[in-house]
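Please open the structure in your viewer and keep the selection panel at hand. The stops below indicate what to select next and what is found there.

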Amino acid sequence: MLEHLKTNNRAWAARMISADPGFFRRLEGQQAPQYLWIGCSDSRVPANEIVGLDPGELFVHRNVANLAPPQDANYLSVLQFAVDVLKVKHIMVVGHYGCGGVRAAVDGKRRGLVDHWLHPIREVYNEHRHALDAMPDAAARLDRLCELNVARQVKNVAADVFVQDAWARGQDISVHGWVYSLANGLVKDLNLTVSRPPNSETRELDP
Ligand code: ZN
C-alpha cells in the first residue's frame with residue numbers, strides 16, 4: 001500500500017543525509033523555528049517549499065481558508081506553543097488567491113459543518129459588501145475577499161492574549177499578512193505587519 005510514497009520517503013531521507021549527515025540527529029534533539037505559518041490546507045500551498053525552509057525551520061498550522069478564530073482550541077494551542085515555548089519571531093498568516101474555502105463561504109450553497117467553520121469569512125464579506133459588490137469581475141472580487149480575510153486573521157492573531165502578553169513581556173514578535181498566488185508561485189506581502197507597539201512600555205506605566 002502506498003509503496004511509491006514509502007519509496008519517495010526513503011529516497012528523500014537518503015538525500016538529506018548525504019547533504020548533511022547530522023541533519024536528523026540534530027533535529028531529533030530539538031526544534032527551534034523562528035516562524036509560525038498559519039495557512040490554508042490547500043494542497044497547492046505547501047508551506048516549507050514556498051519559502052525554501054527545511055524541516056525544523058517553520059512551525060505550521062493549516063486549516064481550511066487559513067483562519068485564526070479566537071475560539072478555536074486547535075489554533076490557540078498552536079499559537080500559545082509557538083509564542084510561549086518556541087518563542088517564534090514572526091507569525092505569517094498566508095492566504096492564497098482562488099481559495100476554495102473563501103469561495104465556498106460566500107457562494108450560497110449549503111455544505112454542512114464547513115459552513116459553520118467558514119462563517120467568519122461571511123462576516124468579513126458583509127462588512128465590505130459595498131466595495132466588493134462594486135467590483136464587476138467575480139475572480140477579482142474573490143481575490144479581494146482572500147486579502148480581506150488575511151487582514152482579519154492578522155487582526156485576530158495580534159489581538160490574542162498570548163501575543164499581547166508576550167509583547168507586554170517585551171518579547172519580539174511580528175504578525176504578517178501574505179497572500180500566495182497559485183498562478184506564479186509568488187507570495188505578496190499585504191504590508192499589514194503588526195509588531196510590538198513601540199510605546200507599550202510607557203503605556204504599562206500609566207495608572
Ligand atoms: Zn484555500
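Helices here are DSSP runs of H or I with at least four residues, numbered from the N terminus. The model is a predicted one.

**First stop: Gly100**

Select Gly100, which belongs to helix α5. With a relative accessible area of 32%, Gly100 falls between the limits of 20% for buried and 50% for exposed, and is therefore partly exposed. Then add Asn126 to the selection: the C-alpha atoms of Gly100 and Asn126 are 18 Å apart in space, while 26 residues separate them in sequence.

**Second stop: the zinc ion**

Next, select the zinc ion and display its donor atoms. Which residues coordinate the zinc ion? The donors are the SG atom of Cys40, the NE2 atom of His96 and the SG atom of Cys99, at 2.0 to 2.3 Å. Along the chain, these donors follow the spacing C-x55-H-x2-C. Colour by secondary structure at this point: Cys40 is part of strand β1 (residues 35-40), whereas Cys99 sits in the loop between β3 (90-96) and α5 (100-106), so the pair ties together parts that lie 59 residues apart in sequence.

Are these two cysteines buried or exposed? Cys40 has a relative accessibility of 6% and therefore counts as buried. Cys99, at 1% relative accessibility, also counts as buried.

**Third stop: Gln31**

Move to Gln31, in the loop between α2 (23-29) and β1. Its relative accessibility is 37%, so Gln31 counts as partly exposed. Leaving aside residues up to four places away in sequence, Gln31 touches Phe59, Phe81 and Leu86. For a longer view, include Asp165: the C-alpha atoms of Gln31 and Asp165 are separated by 23 Å, and the two residues are 134 residues apart along the chain.

**Fourth stop: helices α7 and α9**

Finally, select residues 119-127, which form helix α7, together with residues 138-159, which form helix α9. How are the two helices arranged? They pack at an angle of about 110°, and their axes are 10 Å apart. Angles of 65 to 115 degrees count as roughly perpendicular, and α7 and α9 are therefore roughly perpendicular to each other. The crossing of α7 past α9 is right-handed.

Show the side chains of the contact. On the α7 side, Ile121, Val124, Tyr125 and Glu127 take part; they meet Leu145, Leu148, Asn149 and Arg152 of α9. The residues of this contact comprise five nonpolar, one polar and two charged.

Definitions and conventions. Residues are numbered from 1 along each chain as its sequence is written. This is a predicted model: local features need pLDDT of at least 70, side-chain atom pairs count only at pLDDT 80 or more; totals for chains, interfaces and linings use all residues. Side-chain values use heavy atoms; hydrogens and water are left out. Axes are lines fitted to C-alpha atoms, for helices over the stretch in contact, and angles run from 0 to 180 degrees between N-to-C directions. Angles under 35 degrees count as roughly parallel, over 145 as roughly antiparallel, 65 to 115 as roughly perpendicular and the rest as oblique. A crossing is left-handed if the near helix is turned anticlockwise from the far one by less than a right angle, and right-handed if clockwise. Contact means heavy atoms within 4.5 Å. Ala, Val, Leu, Ile, Met, Phe, Trp, Tyr, Cys and Pro count as nonpolar, Asp, Glu, Lys and Arg as charged, and the others, Gly among them, as polar. Donors are N, O and S atoms within 2.8 Å of the metal (3.2 Å for Na, K and Ca); water is not among the atoms, so sites may look incomplete. Buried means under 20% relative accessible area, exposed over 50%, partly exposed in between (1.4 Å probe, protein chains only).
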